[in-house]
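Subject: Structure handover

Hello,

Here is the structure you will be taking over. Please open it alongside this message, then read on for what was found in it.

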Amino acid sequence: MKFEKGFPLRVVGLGVVMGLLMVSCSIRMTFTGASIPDDVKTVSVQYINNRAALVNPTLSQTMTEKLKDRLTNESRLILRNGTGDVDFSGEITDYSTRPMSIQNDATSAQTRLTVQVKIRYRNFKNPKDNWEQSFSAFADYPSEQNINAVEGELVTQIVDQLTEDIFNKAFANW
């Protein structure tokens, strides 16, 4: 194979320029679509208290742990006790069921389980990025089923959706 004079130097030069551009970026992208500033290294998640009128006794723990898992598994952030560079706190404000899909005989074919959580996000490196927002998710189940029989599976689906929405709001600006 024959190369023009100076070809290897141009390739090396292009590689160096590309490398410098990649190193000088101040925001890193992840495979999840998250953009986290380089100066943010740690994250903390405070216990998410249950303030809903109807209380699922394991929901606070489940919500708190799933949020921690999502943040550590889908970002480069290190989980920290106390307060990290960014901090999540909040409370569950609603946990309710209601009938859906009313049929001709005035009975419900589906029931909807809804969970709402209010989250506060604090970015101690860049306070202008702070926010507070309510997130809500739901799952439907056949009304002939007892909520106790399907609650665990539904809560898992709902909490997965809530943690995804919270993560995206914090780091993907969706």
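Start with I166. Setting aside neighbours within four places in sequence, I166 is in contact with M63, L67, F88, V117, I119, W131 and F135. Keep in mind that this is a predicted model. I166 lies in helix α3, which covers residues 147–171. Its relative accessible area is 0%, so I166 counts as buried. I166 and R70 are 96 residues apart along the chain, yet their C-alpha atoms are separated by 9.7 Å.

The overall layout

The protein has three helices and eight strands. From the N terminus, the order of elements is α-β-β-β-β-α-β-β-β-β-α. The protein has 174 residues, and 36% of them count as buried. Take the contacts with a separation of 6 or more: 64% of these are between residues 24 or more positions apart. The accessible surface of the protein is about 10700 Å². Carbon and sulfur atoms account for 54% of that surface.

The aromatic residues

How many aromatic pairs does a search of the whole structure find? It finds six. One of them is Y121 with W131, and this pair is stacked. The ring centres are 5.3 Å apart, with 15 degrees between the planes. The planes count as stacked because the angle is under 30 degrees. The pair links distant parts of the chain: Y121 is in strand β7 and W131 is in strand β8, 10 residues apart.

Are Y121 and W131 buried or exposed? Y121 has a relative accessibility of 3%, so Y121 is buried. W131 is buried too, with a relative accessible area of 12%. One aromatic cluster takes in F88, Y121, W131, F135, F167 and F171. Of these cluster members, F88, W131 and F135 are among the contacts of I166.

Two charged ends sit over rings. The charged end of K169 is over the ring of W131, 5.5 Å from its centre. The charged end of R112 is over the ring of F138, 3.7 Å from its centre.

The loop at D129

D129 is in the loop between β7 (108–123) and β8 (131–142). With a relative accessible area of 30%, D129 is partly exposed. Which residues does D129 contact, leaving aside neighbours within four places in sequence? They are Y121 and N123. D129 and V86 are 43 residues apart in sequence, and 9.9 Å apart in space from C-alpha to C-alpha.

Strand β3

Strand β3 covers residues 42–45. T42 and S44 point one way from the strand, while V43 and V45 point the other way. All four are buried. In a regular strand, side chains alternate between the two faces of the sheet.

Which strands pair with β3? One is β5 (residues 78–79), which runs parallel to β3 and is joined to it by two bridges. The bridge partner of T42 in β5 is I78. Another is β6, which pairs with β3 in the parallel sense over three bridges. There, the bridge partner of V45 is F88. F88 also belongs to the aromatic cluster.

T64 and helix α2

T64 is in helix α2, residues 59–73. T64 has a relative accessible area of 2%, so T64 is buried. Beyond neighbours within four places in sequence, T64 is in contact with V45, Q46, Y47 and I48. V45 is the β3 residue whose bridge partner is F88.

E91 in strand β6

E91 lies in strand β6, residues 86–102. Is E91 buried or exposed? E91 is buried, because its relative accessible area of 16% falls under the 20% cut-off. The side chain of E91 makes a polar contact with the side chain of R120, at 3.1 Å. Apart from neighbours within four places in sequence, E91 is in contact with I48, N49, R51, Q116, V117, K118 and R120. Two of these contacts recur above: I48 is in contact with T64, and V117 is in contact with I166.

Where to look

For a quick tour, begin at I166 in helix α3. Go on to the stacked pair of Y121 and W131. Then visit D129 in the loop between β7 and β8. Finish at E91 and its polar contact with R120.

Best wishes

Methods. Residues are numbered from 1 along each chain as its sequence is written. This is a predicted model: local features need pLDDT of at least 70, side-chain atom pairs count only at pLDDT 80 or more; totals for chains, interfaces and linings use all residues. Side-chain values use heavy atoms; hydrogens and water are left out. Buried means under 20% relative accessible area, exposed over 50%, partly exposed in between (1.4 Å probe, protein chains only). Contact means heavy atoms within 4.5 Å. Rings of Phe, Tyr and Trp (its six-membered ring) pair if their centres lie within 6.5 Å; planes under 30 degrees apart count as stacked, over 60 as edge-to-face and the rest as tilted. A charge sits over a ring if NZ of Lys or CZ of Arg is within 6 Å of the ring centre and within 35 degrees of the ring normal. Accessible areas come from the Shrake-Rupley method with a 1.4 Å probe; for residues, only the protein chains shown count as cover. A polar contact is a pair of N or O atoms within 3.5 Å; within protein, one must be able to donate a hydrogen and the other to accept it, and residues adjacent in sequence count only if both atoms are side-chain atoms. Two strands pair if DSSP finds at least two bridges between them.
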